Amino acid sequence: MNNFTTLLSGELQRMKKYNILVAGIFVALLWIGVLYFTDIDDITNMVPSLIFIDATSMSMLLVGATMFYEKQEGTMKTLLVSPINKTEYILAKVFANISSNVITLILIYVYAKVFKEVRLNFFGLVGGVILTAFFHSLIGFILTYNTKDFTEMLMGMLKYTFIFAIPVLLEQIGLINNEIISKILFIIPTKSSSILLQSTSGGMETWKIWLSLMYLIIASIVLFYIVWKKFDDFAIKESGD
């Protein structure tokens, strides 16, 4: 646990050094700008959608950014001879990401509460963000493992967004209202993330919430095992051995 705490602290310092935390806050301010310029006073339905976009896209992006910075610095060689293990390394990076996502959530929620009208369960939002960011940080690991540079990783992230996130957003805003397509979307993890965040406004059927919760937890465990299993090959490749 001491190693994990030290790694998490180091990860947050590294994100600060590379201005990644600043970039996260800047993106949060962009979302606030979107809310500011809308003419709608009651933004209860808008906030979960913005949080959904941030928690899915930024989680993947931040993992890729920090790992490619580490690659440039040759950090992986140091990690291989240090007393830390790969579980601590992966979890530290994931929880540093979650911290950034929660900061964004707090900034958006405080703005919404002070300047607009919003009726959302804050702690439900925090839980939804943690699960969504955890899963998508692991997706960021998989994308990083399978790409040569940050640009290629970004392209992979865009493909994921178009296939798994855009259809869910289109359904949220009512552009997709076909019942069969809506059921098919339950196959993809972003649908579960969306349901958990949208449910904080109330009125969501209970079975959908439980199904989404179990889906994300089980999918995160499976994905963590895959990331953990493939870490050695990535570390050896990046260290040049």
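Biologist: Before we look at long-range packing, what does contact mean here?
Modeller: Contact means heavy atoms within 4.5 Å. Residues 24 or more positions apart account for 80% of the protein's contacts with a separation of 6 or more.

Biologist: And what sort of model is this?
Modeller: A predicted one: local features need pLDDT of at least 70, side-chain atom pairs count only at pLDDT 80 or more, and totals for chains, interfaces and linings use all residues. Residues are numbered from 1 along each chain as its sequence is written, and side-chain values use heavy atoms, with hydrogens and water left out.

Biologist: How many helices and strands does the protein have?
Modeller: There are 10 helices and 0 strands. These are DSSP runs, numbered from the N terminus: helices are H or I with at least four residues, strands are E with at least two.

Biologist: What about the overall box?
Modeller: Along the principal axes, the C-alpha atoms fill roughly 55 × 40 × 35 Å.

Biologist: How much of the protein is buried?
Modeller: Buried residues are 50% of the 241. Buried means under 20% relative accessible area, exposed over 50%, partly exposed in between, with a 1.4 Å probe and protein chains only.

Biologist: New topic. Where does Ser 182 lie?
Modeller: In helix α8, which covers residues 179-184.

Biologist: Is Ser 182 buried or exposed?
Modeller: Ser 182 has a relative accessible area of 15%, so it counts as buried.

Biologist: Which residues is Ser 182 in contact with, leaving aside neighbours within four places in sequence?
Modeller: Glu 171 and Lys 191.
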